[in-house]
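Welcome! Please take a moment to look over the sequence and the 3D view before reading on.

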Amino acid sequence: MGELKRDIAALPPLPNREAISDALLVEESPLVESLIARARFPEEERCRIELLASDLVKAARDGRHEQGGIDSFLHEYGLSSEEGVLLLCLAEALLRIPDAATADRLIAGTIGSGDWARHLGHSDSLIVNASTWGLMLTGRVVDCGDARRSDPAGLVQRLIARSGEPVIRQALRQAMRILGRQFVLGQTIEEALANAEEEREQGYRFSFDMLGEAARTSEDAERYAQRYGEAIAAVAAWAGQPKGRTEEELQRRPGLSVKLSALHPRYQPSQEARLQDELVPRVFELAGAMREAWLPLTIDAEEADKLSLSLALTEPLFADPALAGWNGLGLAVQAYSKRALPLIDWLAGMARATGRRIPVRLVKGAYWDSEIECAQKQGLAGYPVFTRKTNTDVAYLAAARALLAQLDCFYPQFATHNAHTIAAVSTIAGNRPYEFQRLYGMGEALRPEALAKPCRIYAPVGGHRDLLAYLVRRLLENGANTSFVNRLADDHAPISAIIADPVEKAAVLPCPKKRTR
Ligand SMILES: Cc1cc2nc3c(=O)[nH]c(=O)nc-3n(C[C@H](O)[C@H](O)[C@H](O)COP(=O)(O)OP(=O)(O)OC[C@H]3O[C@@H](n4cnc5c(N)ncnc54)[C@H](O)[C@@H]3O)c2cc1C
């Protein structure tokens with residue numbers, strides 16, 4: 001790993017990022033109109049997509065009844081239920097509160113006001129019932145019968161008086177552990193690799209994500225980089241010797257996903273010069289080790305205010321001749337961002353300028369709620385993301401077309417659990433090379449691999465403490481009643497409504513209101 005040296009002097013002229021910056025807060029309606037024109041399907045294709053998506057949903061609903069799983073959990077504890085909101089508060093509380101005593105007080109308050117028993121036996125999923133038991137356990141410690149319903153505050157008092165908060169904390173952590181096992185492939189990379197074996201034999205690819213983000217101290221960041229270094233060695237050994245250093249072989253092999261925010265405690269736009277000096281060499285070292293082991297590395301997409309920074313920091317890596325010949329450095333692109341299409345244009349320019357083919361993982365975006373809140377708090381003149389779910393779906397399809405039309409520049413990777421999106425992508429792509437991706441523990445029933453395309457599982461690895469930020473994002477995005485996973489789990493939602501073509505829906509919707517300050 002130590003052999004590889006950065007070759008900064010040899011950087012070729014690179015495309016500029018002006019068009020990306022200009023699109024940050026553009027008006028939503030005209031942009032969506034242009035995306036509709038790019039994404040629209042001819043009638044015959046639309047019918048094929050509908051059939052395919054409908055088959056996927058039927059199979060998924062049957063599969064869900066057989067398997068249970070997190071999809072049912074997310075539906076059961078969606079944001080429409082009081083307990084779902086409480087669960088989120090709780091996860092956030094555990095995430096933010098450093099001392100056990102304060103965490104205990106919050107836990108007691110949160111648990112005390114939930115009607116957990118209402119969920120028990122309501123779902124046929126093992127995980128829903130197991131988690132409900134875990135959550136109820138706290139109430140069971142001192143089962144006060146009807147008092148629980150009529151006087152939750154009093155119950156909490158009695159609960160604390162009789163058993164003390166540490167007992168509650170233990171019970172709650174147990175519930176979180178049940179959830180953790182569902183979302184996390186292993187607490188260590190060795191455990192994760194052992195657990196991945198069965199699915200690898202079935203033909204799945206993997207991208208391992210060492211959980212952790214937004215490092216607060218240099219020690220955090222160093223620890224994280226070290227965990228990645230160790231993970232690379234373990235994954236390389238697991239993958240074995242590559243059968244030739246070809247691009248096809250590279251795409252077939254397991255990889256890693258990394259968040260830049262975890263690799264430096266000052267990952268902020270104002271610190272760009274310092275990050276060029278301190279963070280870029282760290283990522284370069286990881287990339288060099290991945291190149292050496294012939295494994296792919298994807299840089300996850302994070303909040304909108306970090307996009308320009310992340311591009312400024314990855315640009316020198318794309319361009320560095322020391323990493324040439326290895327087309328394994330990839331980026332996630334968020335379709336909910338108004339900058340997604342200009343970003344894809346820029347990446348195509350980068351691929352051409354540097355003679356690379358860039359793996360692009362197309363996602364819809366996991367930070368929607370916080371993007372909206374952040375723009376409102378800052379009093380911005382608009383939002384950096386779409387404000388309608390349908391518009392994000394349309395943008396995803398337009399972006400998919402852009403990626404698939406430039407296979408000289410991209411290896412497209414479509415990360416989604418939405419049946420319509422999967423069916424539409426596979427119809428646009430035909431026989432062209434690409435892969436699907438899904439999150440470990442989610443979308444299992446959907447089986448895009450049934451469409452005879454490779455599927456990669458994004459597999460978080462880490463302890464339960466590191467899981468919470470990730471868990472909160474999954475609960476927020478899938479608890480929302482517009483989410484595909486949420487609607488899939490609702491047997492009363494008609495299939496035709498779940499798989500309705502977003503392009504046609506967006507075309508007839510009135511314009512979203514302009515943001516006024
Ligand atoms: C393998 C994999 C890797 C991922 N990596 C990343 C990553 O690096 N960075 C990242 O940000 N996300 C990542 N995600 C998460 C992803 O962005 C989505 O949040 C998630 O997949 C849900 O999208 P969907 O197509 O599966 O479901 P759908 O239910 O079809 O879509 C839900 C999505 O729609 C969007 N949305 C919801 N409400 C609105 C609204 N009112 N207006 C506009 N848009 C709305 C949001 O993006 C939401 O997540 C990843 C997902 C997968 C499967």
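The tour below visits a strand, the nonpolar cores, a helix and some salt bridges.

Please keep in mind that this is a predicted model.

**A covered strand**

A good place to begin is strand E1, which spans residues 205–210. Is strand E1 mostly covered or mostly open? Six of its six residues are buried, so E1 is mostly covered. In a regular strand, side chains point alternately to one face of the sheet and the other. On one side of E1 you will find Arg205, Ser207 and Asp209, and on the other Phe206, Phe208 and Met210, and both sets are buried.

The neighbours of E1 are easy to trace too. E1 pairs with strand E8 (residues 455–461) in the parallel sense, over six bridges. Within that pairing, Phe208 has Ala459 of E8 as its bridge partner. Strand E2 (residues 255–258) also runs parallel to E1, and three bridges join the two. Here Ser207 is matched with Gly255 of E2.

**The nonpolar cores**

Phe208 turns up again in the largest nonpolar core, which has 113 residues. Together with Leu347 and Phe414, Phe208 touches the most other members of that core. Another core, of 11 residues, lies apart from it and includes Leu211, Leu439, Tyr458 and Leu475. As a general background, nonpolar side chains tend to be buried together in soluble globular proteins.

**A helix with two sides**

Next comes helix H2, made of 12 residues (28–39). From its first C-alpha to its last, H2 reaches 16 Å, close to the 16 Å expected at 1.5 Å a residue. Which residues of H2 are buried? They are Glu28, Ser29, Leu31, Val32, Leu35, Ile36 and Ala39. These residues lie on the same side of H2, because they cover an arc of only 155° around the axis. This buried side packs against helix H16 (340–354), helix H18 (389–404) and helix H23 (502–508). On the face turned away from it, H2 carries the exposed residues Glu33 and Ala37.

**Salt bridges**

Side chains of opposite charge can pair when their charged atoms come close. How many salt bridges does the structure hold? It holds 23, and the table lists some of them.

| Pair | N to O distance |
|---|---|
| Glu315 and Arg17 | 3.0 Å |
| Glu197 and Arg200 | 3.2 Å |
| Arg282 and Glu222 | 4.0 Å |

Let us take these pairs in turn. The side chains of Glu315 and Arg17 meet in a salt bridge. Glu315 lies in helix H15 (residues 307–319) and Arg17 in the segment before helix H1 (18–22), so this pair ties together parts that are 298 residues apart in sequence. Glu315 is buried, with a relative accessible area of 18%, whereas Arg17 is partly exposed at 22%.

Glu197 and Arg200 both sit in helix H11 (residues 189–201), and because they are three residues apart, about one helical turn separates them. Both ends of this pair are partly exposed: Glu197 has a relative accessible area of 26%, and Arg200 has 29%.

Arg282 forms a salt bridge with Glu222. That pair links distant parts of the chain, with Arg282 in helix H14 (residues 272–293) and Glu222 in helix H12 (residues 218–239), 60 residues apart. Arg282 is partly exposed at 22% relative accessible area, and Glu222 is partly exposed at 46%. Elsewhere, Arg40, Glu43, Arg46, Asp501 and Glu504 are joined into one network by salt bridges that share partners.

Terms used:
Residues numbered from 1 in each chain as written. Predicted model: local features only at pLDDT ≥ 70, side-chain atom pairs only at ≥ 80, totals over all residues. Heavy atoms only, no water. Helix = DSSP H or I, 4+ residues; strand = E, 2+ residues; numbered from the N terminus. Buried < 20%, exposed > 50% of the residue type's maximum accessible area, 1.4 Å probe, protein only. Core = buried A, V, L, I, M, F, W, Y, C linked by side-chain atoms within 4.5 Å. Pairing = 2+ DSSP bridges. Expected span 1.5 Å × (residues − 1). Arc of directions from axis to C-beta. Contact = heavy atoms within 4.5 Å.
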